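Here are some exercises for you to work through with the model open beside you. Try each task on your own before you read its solution.

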Amino acid sequence: MTEGVVAAGSRLLRTLRLQPVDATPVWFMRQAGRALPEYRSIRERYSLLEICAEPELCAQVTLQPLRILDVDAAILFADIMTPLIGIGLDIDIVDGVGPVVAKPLRTSVDLERLKPIEPQADVAPQLETIRLVRSELDGSYDGRPLIGFAGAPFTLASYLIEGRASRDFVETKTLMYRDPALWKQLMDRLAQIVAAYLTAQLEAGAQVVQIFDSWAGALSPADYSRFVAPYSRRVFDAVATTGSPAIHFSSGTSSYIAQVAVAGGDAVSVDWRAPLDRSWKEIGHDRAIQGNLDPLVLLGPWSEVKVQVTKILRRSEGRPGHIFNLGHGVHPRTRPDQLRRVVDWVHESGR
Ligand code: CP3
């Protein structure tokens with residue numbers, strides 16, 4: 001592949017289609033956020049939800065990592081709970097805690113609060129942010145794509161049932177095992193909301209979507225396939241009808257990554273708990289793969305980071321279809337110059 005023939009801006013989309021590129025594309029989950037001083041200074045004046053409600057400001061935050069880190073894609077700045085706040089649930093995002101649901105959902109009566117989403121009304125600021133970011137990306141940034149995203153039904157369900165992040169998922173699993181019919185109703189509603197939200201993001205101008213199933217690793221492989229996969233699958237099937245690619249993120253699932261892959265996604269995002277080449281073989285080489293540096297490696301010295309990044313790149317064995325990323329989000333203590341060095345090194349050594 002001659003350099004320059006493929007525009008740098010198309011690296012991510014080409015990689016999702018398993019086409020050759022001039023350099024391995026790289027972006028970071030949570031690339032916009034507390035690791036960046038430019039983000040922190042905005043957060044001194046606005047809460048996270050205020051940023052999300054203000055399209056001009058939200059577009060600015062979404063674009064920050066492209067300029068500062070030179071990543072190959074932007075990801076919409078929002079939270080996984082944004083569409084649920086949009087349909088009227090009382091949810092706050094608390095510093096150092098994450099989402100807190102005022103009245104957790106645990107009964108069939110509670111489910112009535114989970115009404116179908118009307119994207120143009122319920123998530124208007126997100127759709128407007130997408131339009132603003134896209135026009136910037138098309139103008140400058142050589143057409144780098146915008147990634148839209150949503151939480152997967154299971155991860156959203158666990159927040160709604162527990163009321164906040166949980167270690168053991170006691171309430172979630174109690175509901176799931178004790179009342180499978182209620183579980184199904186809840187997951188049906190969430191799958192519908194997520195599918196409609198993602199479709200609206202793609203219509204507004206996002207070119208890829210990532211579905212975050214952060215807590216999928218809490219279940220046994222058999223229960224994942226029974227209680228989670230069918231609903232994720234429905235979301236991926238809905239996205240597939242738009243013709244746009246989707247990335248399937250989960251964490252703690254390396255022992256059943258093939259089952260995660262079966263649930264859908266043009267690319268499967270993997271964490272550091274298994275080597276990239278082994279996961280790719282299990283997922284199948286007909287799909288793209290994303291990952292898989294442990295985000296905390298970035299807290300070590302560059303010499304260590306460089307060795308680990310290089311090893312991951314080698315494990316892709318020169319195959320088209322590898323998107324370099326972390327196995328989970330950027331830790332707030334990460335130094336931005338460390339992130340920038342990773343981007344430069346991935347681009348340089350992949351050529
Ligand atoms: O740059 C990006 O990746 C886009 C923005 C983004 C945010 N949240 C903004 C945010 C994305 C993609 C998310 C997804 C998200 N939110 C997930 C899935 C990804 C993952 O990490 O597993 C989850 C589980 C959440 C829920 C959530 N929201 C948590 C766990 C936290 C952190 C709590 C804390 O303070 O430690 C949040 C808050 C949040 N969402 C922050 C950001 C930048 C940090 C706090 C802030 O700026 O107020």
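The exercises below deal with the pocket, the ligand, the backbone and the cavity.

The model is predicted, so local features need pLDDT of at least 70 and side-chain atom pairs count only at pLDDT 80 or more, while totals for chains, interfaces and linings use all residues. Residues are numbered from 1 along each chain as its sequence is written, and side-chain values use heavy atoms, with hydrogens and water left out.

**Exercise 1.** Describe the largest pocket and its lining.

Step 1. Start with the volume: the largest pocket has about 1400 Å³. A pocket is an open set of points on a 1 Å grid over the protein atoms alone, where a 1.4 Å probe fits, with protein on both sides within 12 Å along at least five of seven lines; lining residues have an atom within 4 Å of a point. The volume is the space filled by probe spheres set on the points, which are joined across faces, edges and corners.

Step 2. Look towards the centre: of the 46 lining residues, Arg-30, Arg-34, Asp-79, Gly-329 and Val-330 are the closest to it.

Step 3. Sort the lining by class, which gives 26 nonpolar, 12 polar and eight charged residues. Here Ala, Val, Leu, Ile, Met, Phe, Trp, Tyr, Cys and Pro count as nonpolar, Asp, Glu, Lys and Arg as charged, and the others, Gly among them, as polar.

**Exercise 2.** Where is the ligand, and which residues are closest to it?

Step 1. The ligand takes the space of the largest pocket; sitting there means that more than half of its atoms lie within 2 Å of the grid points.

Step 2. Around the ligand are 26 residues (each with a heavy atom within 4 Å). The closest are Arg-30, Tyr-39, Arg-43, Ser-214 and His-328.

Step 3. Now check the polar contacts, pairs of N or O atoms within 3.5 Å. Ligand oxygen atoms lie 2.7 Å from a polar backbone atom of Arg-30, 3.0 Å from a backbone N or O atom of Ala-32, and 2.5 Å from a side-chain N or O atom of Tyr-39.

**Exercise 3.** Which backbone features stand out at Arg-30 and Asn-292?

Step 1. Arg-30 is not a glycine, yet its phi is positive, about 65°.

Step 2. The peptide bond from Gly-291 to Asn-292 is cis, with omega near -5°.

Step 3. Why note them? Most residues other than glycine have a negative phi, and most peptide bonds are trans.

**Exercise 4.** How many cavities of 30 Å³ or more are there, and what lines the largest?

Step 1. The structure holds one such cavity, a set of points where the probe fits but cannot get out.

Step 2. The largest cavity has about 40 Å³ of space.

Step 3. Its lining includes Ser-250, Thr-253, Ile-257 and Asp-271, and divides into two nonpolar, five polar and one charged.

Conventions. A polar contact is a pair of N or O atoms within 3.5 Å; within protein, one must be able to donate a hydrogen and the other to accept it, and residues adjacent in sequence count only if both atoms are side-chain atoms.
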